[in-house]
Amino acid sequence: MKLLLHICCAPCSIMCIKKLREDNIDVDGYFYNPNIHPYMEYRARKDTLRNYSEYINLKVIYNDVYGLDEFVKNVSNNIKGRCNYCYTDRLLETAKYAKENGYDAFCTCMLYSIYQDHDKIKEVCEKISKELGIDFYYYDFRPYYKEGQEEARRLKLYMQKYCGCVFSEEERYEKRIERERIKEEIDKEWQKYKKDNNIEDIKESE
Ligand code: SF4
């Protein structure tokens with residue numbers, strides 16, 4: 001079987017390609033990720049894939065679109081629900097290319113990530129498969145997540161710290177921002193309590 005695999009980044013592709021090749025599937029990669037921002041992050045992920053694919057002798061087709069404007073325009077009305085648009089856009093492009101270029105099926109290495117909405121990705125792929133009339137090859141790569149991460153570290157591949165879009169970059173810091181905000185509030189309350197109750201700071205003895 002000739003399969004087109006949507007690839008979001010090199011680390012996520014390691015185990016997908018390994019497993020598909022073990023099943024004697026002829027895999028090509030397809031890089032189309034206009035959801036990755038800012039530009040230097042996009043370049044880092046693309047260049048890492050270029051180097052890695054040469055290393056494992058994988059053909060990759062680059063649909064090279066840095067799409068900050070378009071992406072933000074399309075998700076601005078529903079930022080919380082943006083992943084649905086993001087999955088659909090990337091997988092639709094992949095499936096179209098697969099259909100127009102003689103592949104038997106398409107798949108995505110987003111099915112490897114334990115941080116993605118696996119069921120939603122599967123659902124989007126199945127819908128696209130029906131609409132375009134090309135097979136979706138489902139594979140749950142998540143059991144190999146740890147192994148893939150270890151291999152990426154061993155190969156010293158660039159490993160991103162967030163999913164891709166500017167909003168996910170912000171979410172990466174959300175917990176820290178919230179912790180700092182709570183700490184500031186507690187400090188403020190404590191200062192007020194001390195003032196109201198004439199409590200002086202304990203001075204360290206010299
Ligand atoms: S969080 Fe990830 S999947 Fe969701 S919209 Fe952002 S880049 Fe796409």
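**Notebook: sheet order and crossovers**

I began with the second and third strands: E2 and E3 pair in the parallel sense over 3 bridges. I note at the outset that the model is predicted. For the register of this pair, I found Gly29 opposite Val60 in E3. I then followed the connection: the chain passes from E2 through helix H2 (residues 39-55) to E3, and this β-α-β crossover is right-handed.

Next I turned to the other partner of Gly29. Which residue has Gly29 as its bridge partner in E2? I found that the residue is Leu5. Strand E1 (residues 2-6) pairs with strand E2 (residues 26-31) in the parallel sense, and I recorded 5 bridges between them. I also noted that Lys2 stands opposite Asp26 in E2.

I then looked at the helix that joins these two strands. E1, H1 and E2 form a right-handed β-α-β unit. Helix H1 (residues 10-22) lies across E1 and E2, and I entered its angle to E2 as about 155°.

I placed these pairs in the whole sheet. The sheet is open and has 5 strands, in the order E3-E2-E1-E4-E5, with parallel pairing. I asked why one side of E3 and of E5 has no neighbour in the sheet. Strand E3 (60-62) and strand E5 (135-136) stand at the edges and have a single partner strand each, so one side of each is left without a neighbour.

Finally, I checked the division of the chain. I found domain 1 (2-159) and domain 2 (165-197). I recorded 37 Å between the C-alpha centres of domain 1 and domain 2.

Definitions and conventions
Residues are numbered from 1 along each chain as its sequence is written. This is a predicted model: local features need pLDDT of at least 70, side-chain atom pairs count only at pLDDT 80 or more; totals for chains, interfaces and linings use all residues. Two strands pair if DSSP finds at least two bridges between them. Helices (H or I, at least four residues) and strands (E, at least two) are DSSP runs, numbered from the N terminus. Two residues are in contact if their C-beta atoms, placed from the backbone, lie within 7 Å. Axes are lines fitted to C-alpha atoms, for helices over the stretch in contact, and angles run from 0 to 180 degrees between N-to-C directions. Domain bounds come from an automatic or database domain assignment. A crossover is right-handed if, with the strands pointing away from the viewer, the path from the first strand over the helix to the second runs clockwise.
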